[in-house]
Amino acid sequence: MSTVVHIFSILDKLKLLFFFIYFPYFVSAICPNDVQNRAKACFREYDMKIGGILRPGESIISGVDAENIRVLCTELKSGIACINELKSNCPQDNAIIEAELVQIPLAIHELGMLCRDDSLYEVYARNRICFERSGAGNEKCFKDVMNTTVRIITDLDRTYIIKYCSEVDRLLSCIGKSLQDQQCGPEAITLKDKLARTLIRGSQGCDKVSSQKTTPSPSKKADSASNSQPKRTVISTLVVIFSLILSFS
């Protein structure tokens, strides 16, 4: 009898052991009741750090401490990992999660691409003084070209994507001139594209628009090929006729 009790005791202990090992995994996979607030919580620390690069006169394009950008990038990566886990646990609520992402300050996709560059912080630190000197001019470019002060532009009507991307190009050219006026080097001028785009949601898509402008469309290639076909046919016909004349002469 004691042997049977002892065996059951061992089995109970094993069950408890497995429970405590696997319980955290089961808990983590549970979709929370309030998905919207959970999505907001993913970026709470990010929201607290955003002021470090977004204050008027102290924005990412007018000179800030490179460490502020590093901290923000760290919080961005943490927030994205949290959101991805939430999406995995709550696939039925992905639309709610995406709606919350739109409300997050800064252009997440553009900032994410900036943060992937490990050399960013060192390069920015080298050129910070230059961005400080040209800061007023850089922010004036936003006001003149985008008709706004430096802030996050979230309204992007895809119907006017060509016009929108044209404005982005004008903005980048304007900031480039502002940097040149302060005798900034080519490194700072190249960096300004990545920095300014973090303030404009959807601006990364303008690269595709630019490539479409320079790449001939398939229909144009087809038209070109079809236009050249009659010329080849006429030339072939003339060669045949000329050969026949020579054969009878």
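Begin by selecting helix α4, residues 66–89, together with helix α6, residues 108–115: in this predicted model the two axes come within 10 Å of each other and cross at roughly 120°. At that angle α4 is oblique to α6, and the crossing in which α4 passes α6 is left-handed. To display the contact itself, show the side chains of L72, C73, L76, K77 and I80 on α4, and then add I108, L111, G112 and C115 on α6. If you colour these residues by class, the contact of α4 with α6 divides into seven nonpolar residues, one polar and one charged.

Keep α4 selected and bring in α2, which spans residues 35–42. Here the axes of α2 and α4 come within 8 Å and cross at roughly 155°; since an angle over 145 degrees counts as roughly antiparallel, that is the description that applies to α2 and α4. On the α2 side the contact is made by V35, R38, A39 and C42, while α4 contributes G79, C82, I83 and L86. Coloured by class, the contact of α2 with α4 shows six nonpolar residues, one polar and one charged.

Next, turn to the largest nonpolar core, which has 55 residues. Which residues have the most contacts inside this core? Select Y46, I60, I69 and L106, for these are the ones with the most contacts there. The elements that give two or more residues to the core include the helices already visited, α2, α4 and α6, and also α5 (94–102), α7 (120–133), α8 (135–145), α9 (161–181) and α10 (186–197).

From the core, move to helix α9 and pick S178, which lies in that helix. Is S178 buried or exposed? With a relative accessibility of 10%, S178 counts as buried, because the cut-off for that class is under 20% relative accessible area. Once its neighbours within four places in sequence are set aside, S178 is in contact with S134, G137 and N138, so these three residues are worth showing alongside it.

Continue along the chain to the loop between α9 and α10, where Q183 is found. Although Q183 is not a glycine, it has a positive phi of about 55°, and this residue is exposed, with a relative accessible area of 66%.

Beyond that loop, select T190 in helix α10. T190 is exposed as well, its relative accessible area being 57%. To relate T190 to another part of the chain, draw a C-alpha to C-alpha distance from T190 to L172: the two residues are 18 apart in sequence and 10.0 Å apart in space.

Finally, clear the selections and view the whole protein, which has 12 helices and two strands. Read along the sequence, these elements follow the pattern α-α-α-β-β-α-α-α-α-α-α-α-α-α. Colouring by accessibility gives a view of burial across the chain, in which 35% of the 249 residues count as buried. A contact map would complete the tour: among contacts between residues at least 6 apart in sequence, 79% join residues at least 24 apart.

Methods
Residues are numbered from 1 along each chain as its sequence is written. This is a predicted model: local features need pLDDT of at least 70, side-chain atom pairs count only at pLDDT 80 or more; totals for chains, interfaces and linings use all residues. Side-chain values use heavy atoms; hydrogens and water are left out. Axes are lines fitted to C-alpha atoms, for helices over the stretch in contact, and angles run from 0 to 180 degrees between N-to-C directions. Helices (H or I, at least four residues) and strands (E, at least two) are DSSP runs, numbered from the N terminus. Angles under 35 degrees count as roughly parallel, over 145 as roughly antiparallel, 65 to 115 as roughly perpendicular and the rest as oblique. A crossing is left-handed if the near helix is turned anticlockwise from the far one by less than a right angle, and right-handed if clockwise. Contact means heavy atoms within 4.5 Å. Ala, Val, Leu, Ile, Met, Phe, Trp, Tyr, Cys and Pro count as nonpolar, Asp, Glu, Lys and Arg as charged, and the others, Gly among them, as polar. A nonpolar core is a set of buried Ala, Val, Leu, Ile, Met, Phe, Trp, Tyr and Cys residues joined through side-chain atoms within 4.5 Å. Buried means under 20% relative accessible area, exposed over 50%, partly exposed in between (1.4 Å probe, protein chains only).
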